[in-house]
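Colleague: Can you walk me through this one? I'd like sheets, pockets and odd backbone spots.

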Amino acid sequence: MSLDEIRKQALSESAVLEQSKKTRILIGTGTCGRAAGAMAVLETINKELAQGKIDAVVTQVGCIGLCYIEPLVDIIKPGRPRICYSRVTPEIMTQLIQDYIINDNPRPDLALGTIGEESVPGIPKLFDHPMLKPQVRIALRNCGHIDPENVKEYVANGGYSGLDRALKMTPEEVIAEVKISGLKGRGGAGFATWQKWEFCRKAPGKEKYVICNADEGDPGAFMNRLLLEGDPHSVLEGMVIGAYGIGATQGYVYCRAEKPLAIARLRVALKQAAELGLVGKNILGSGFDFPIEIREGAGAFVCGEETALMLSIEGMRGMPKPRPPFPATAGLWGKPTNINNVETWGNVSAIFQKDANWYAGFGTKTSKGTKTFALAGKVERTGLIEVPLGITLRQIVFDIGGGVPNGKKFKAVQTGGPSGGCIPASLLDLPVDYESLTKAGSIMGSGGMIIADSDTCMVDLARYFLSFCQAESCGKCVPCREGTGQMLEILTDITEGKSKPGDIDLLLQLADGIRSGSLCALGNTSPNPVLTTIKYFRDEYEAHINEKRCPAGVCKNLISYYIDPEKCQGCLICLRNCPASAIAGDKRMIHVINPEKCIKCGVCLEVCPAKFSAVVKVSGKKPATPEKPIPVGSWGKQ
Amino acid sequence: MDVDRKEILARFTKDRANLVPILQNIQETEGYLSPEAIYEISRFLNMTGNDIYSVASFYAQFRFERQGKHTIKVCQGTACHVRGGHQILETVERELKLLPGRVTTDDYEFTLERVACFGSCALAPVMVVDSNVYGRVTTAKVKQLLAEFREK
């Protein structure tokens with residue numbers, strides 16, 4: 001079947017749906033949506049449908065990236081604009097069905113925004129939302145809009161037209177097109193995509209492989225998960241285009257097992273694409289063959305490194321190999337192999353569906369196009385965004401992310417995961433592009449951004465990342481295996497108040513050795529979080545070392561809790577919730593924490609009613625408190 | 001159990017590249033990789049048991065001990081870390097009365113796993129019980145969830 005015929009079919013299916021005058025309900029059921037309760041909302045909709053109360057077509061879509069106000073439900077009534085509702089609960093869903101679908105009141109009080117040209121009085125446009133307005137959605141173009149389990153919806157929205165166009169070009173022209181687009185690998189290192197393809201194309205060999213690296217393992221990153229869950233075909237289409245340009249004979253998607261929904265949706269997509277002749281043999285009648293297989297990772301972070309990933313596919317321990325030889329000449333099973341990450345492939349399909357010059361029109365001179373970022377941590381609007389490269393960190397954190405919640409102060413943004421660094425407030429106007437981030441001591445990475453506020457301890461954060469790299473070190477080379485272990489011991493001592501003067505210098509020395517001596521990027525970059533926090537937050541290290549004090553109040557050995565005798569009303573709530581039975585008190589008696597028994601779990605602080613706010617966490621000297629419970633109001637009057 | 005294992009093996013060719021998928025499939029049905037299972041795979045792929053252990057033990061996903069009825073995974077990713085994921089982990093350990101070094105309760109009701117990241121960072125801290133994902137977890141929510149699953 002030609003793409004024209006598939007498209008005709010797809011369009012006639014959507015026309016039938018439109019003519020049926022049925023209401024459409026789109027519900028975001030990505031992993032974030034599910035964690036926020038989307039499946040219970042879906043159940044409510046299905047129940048109402050089963051009872052015959054409404055007649056509607058329900059579609060499960062991926063995520064639009066507004067994770068902080070999930071679950072999201074869009075309702076499209078015939079002849080009405082599409083309206084998006086946020087933070088939908090089963091109760092709200094029942095109301096919406098009654099009020100809007102049955103009685104035609106769009107409930108502007110519950111709506112987030114409309115999508116499309118037309119508007120509804122009292123409801124803003126969704127894409128005027130501060131989190132969405134500055135975005136340019138290229139890789140994420142379909143996420144949240146189409147059913148990821150229906151290839152026809154992808155085709156109806158221009159899907160596989162890029163592949164159709166590529167197959168009518170010569171492989172050299174395909175690579176030239178990517179060169180014009182200026183696309184760089186979105187996995188972290190930022191190597192020019194066209195160049196990588198050309199190396200592999202020119203490498204001698206009949207069998208060649210193309211791999212999609214979906215082993216997204218950086219803690220704090222979920223760009224690939226969201227794209228695979230929301231629009232798996234855009235990734236598959238990109239892979240087939242790349243394979244055609246390179247002359248590859250077999251494809252693999254290597255996906256992290258901790259992202260089961262992404263794998264499930266990818267499997268469905270692959271099956272559908274194969275049935276329509278979009279992957280597999282004689283693709284779209286062109287005579288080009290390219291089958292794709294899915295491999296599940298088995299929980300090893302280092303397998304995101306390309307040589308380790310390939311060994312893992314071969315059924316070995318995933319331990320990196322020295323390069324050269326580079327995968328382009330000797331990769332999987334010693335054959336020429338090209339590997340790009342999920343987002344890169346998603347961009348490739350977009351470039352071919354439109355055109356390379358259009359793509360190159362976004363971004364900066366040296367960093368072209370867009371990049372997705374996962375915003376998480378201490379930021380008001382958490383979620384996934386896609387912005388043109390060159391935008392400033394301030395725009396991302398404050399305009400899009402809405403700044404730090406609960407009136408706290410912004411301290412730093414951590415980019416690039418365990419290989420990246422912490423960028424302080426003074427560098428917020430830094431443009432986000434490959435070069436500027438590297439200059440600041442961090443890296444672009446795959447796109448995780450964790451925002452830290454005044455309650456985040458930078459020494460603890462550095463220790464956290466290092467413990468991650470230490471645990472994930474494959475153990476093959478000494479600098480990484482032993483060096484990160486030594487650094488971790490020192491950092492642990494610092495956070496536990498056991499440090500010695502000179503520890504900072506020792507850390508810097510070790511970091512230097514690990515950086516230059518490790519075999520792969522996991523080791524080379526593992527000191528980055530420590531180096532950048534020492535560079536920008538040395539005062540916090542010094543407070544830990546010299547004063548045995550944690551300014552952010554995080555490091556357990558350096559903090560203590562007490563109950564403010566002026567504020568405690570003797571309500572017993574903390575006493576009852578304390579897992580260590582460390583709180584003494586009685587009704588209307590000021591409660592007292594026994595520091596010997598306290599395990600510093602923070603439960604008392606969490607449960608103390610906000611109107612009292614009597615539990616206080618301190619690092620350093622604790623003010624005087626009663627030794628044993630005394631009646632409320634009697635403190636200071638003895 | 002033996003029949004299932006043979007059925008699983010029959011889906012694959014005797015190619016070393018299938019080792020990881022085979023281990024994943026066996027663990028999926030049996031819950032963990034028993035010495036018997038490793039032995040059978042070694043016969044099938046014509047590899048030594050040592051070779052299989054060397055690969056299996058490299059990957060965090062594989063388990064070599066019997067698991068509890070419910071699996072609790074507590075995320076220790078960055079976003080969860082800065083939003084108190086460690087306290088969630090400690091609360092689970094405390095509530096399940098797990099001694100250091102133990103991951104499964106004595107009654108084989110629960111197994112606790114710490115996971116690097118689920119990628120649901122926007123809803124940190126995150127905890128997964130069996131295949132249900134819970135976001136914005138608090139210590140109070142942990143107690144409630146454990147009680148719910150204990151009855152299931």
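Modeller: What follows is a quick tour by topic.

Modeller: This is a predicted model, so local features need pLDDT of at least 70 and side-chain atom pairs count only at pLDDT 80 or more, while totals for chains, interfaces and linings use all residues. Residues are numbered from 1 along each chain as its sequence is written, chains are lettered from A and ligands numbered from 1 in the order in which they are written, and side-chain values use heavy atoms, with hydrogens and water left out.

Colleague: Chain A, then. What is the strand order in the open sheet of 5 strands?

Modeller: S2-S1-S3-S4-S5, with mixed pairing. Strands are DSSP runs of E, at least two residues, and helices are runs of H or I, at least four, both numbered from the N terminus. Two strands pair if DSSP finds at least two bridges between them.

Colleague: Which strands stand at the edges?

Modeller: S2 (56-61) and S5 (111-115) of chain A. Each has a single partner strand, so one side of each is left without a neighbour in the sheet. Neighbouring strands here are turned by 20° against each other on average, direction ignored. Axes are lines fitted to C-alpha atoms, for helices over the stretch in contact, and angles run from 0 to 180 degrees between N-to-C directions.

Colleague: How many bridges between S4 and S5 of chain A?

Modeller: 4, in the antiparallel sense, with S4 covering residues 82-85. Arg82(A) stands opposite Ile115(A) in S5(A).

Colleague: And what is the order in chain B's open sheet of 4 strands?

Modeller: S2-S1-S3-S4, also with mixed pairing. The edges are S2 (110-115) and S4 (132-134) of chain B, each with a single partner strand, so one side of each has no neighbour in the sheet. The twist averages 20° from one strand to the next. Strand S3 (residues 127-129) of chain B runs antiparallel to S4(B), joined by 3 bridges. Val128(B) is opposite Val133(B) there.

Colleague: How is chain B divided into domains?

Modeller: Domain 1 is 3-58 and domain 2 is 70-151, with bounds from an automatic or database domain assignment. Their C-alpha centres lie 29 Å apart.

Colleague: Pockets now. What volume has the second largest?

Modeller: About 1,300 Å³. A pocket is an open set of points on a 1 Å grid over the protein atoms alone, where a 1.4 Å probe fits, with protein on both sides within 12 Å along at least five of seven lines; lining residues have an atom within 4 Å of a point. Points are joined across faces, edges and corners, and the volume is the space filled by probe spheres set on them.

Colleague: Which residues are closest to its centre?

Modeller: Of 42 lining residues, Gly187(A), Gly188(A), Ala189(A), Gly304(A) and Ala521(A). S9(A) gives the most to the lining, with 5 residues.

Colleague: Any odd backbone? Where are the cis peptide bonds?

Modeller: One runs from Glu70(A) to Pro71(A), with omega near -10°. Pro71(A) is in the loop between S2 and strand S3 (73-76) of chain A. Another joins Arg323(A) and Pro324(A), with omega about 0°. Pro324(A) sits in the loop between helix H12 (306-313) and S9 of chain A.

Colleague: And what is phi of Arg107(A)?

Modeller: Near 50°, a positive value in a residue other than glycine. Arg107(A) is in the loop between helix H4 (90-102) and S5 of chain A.
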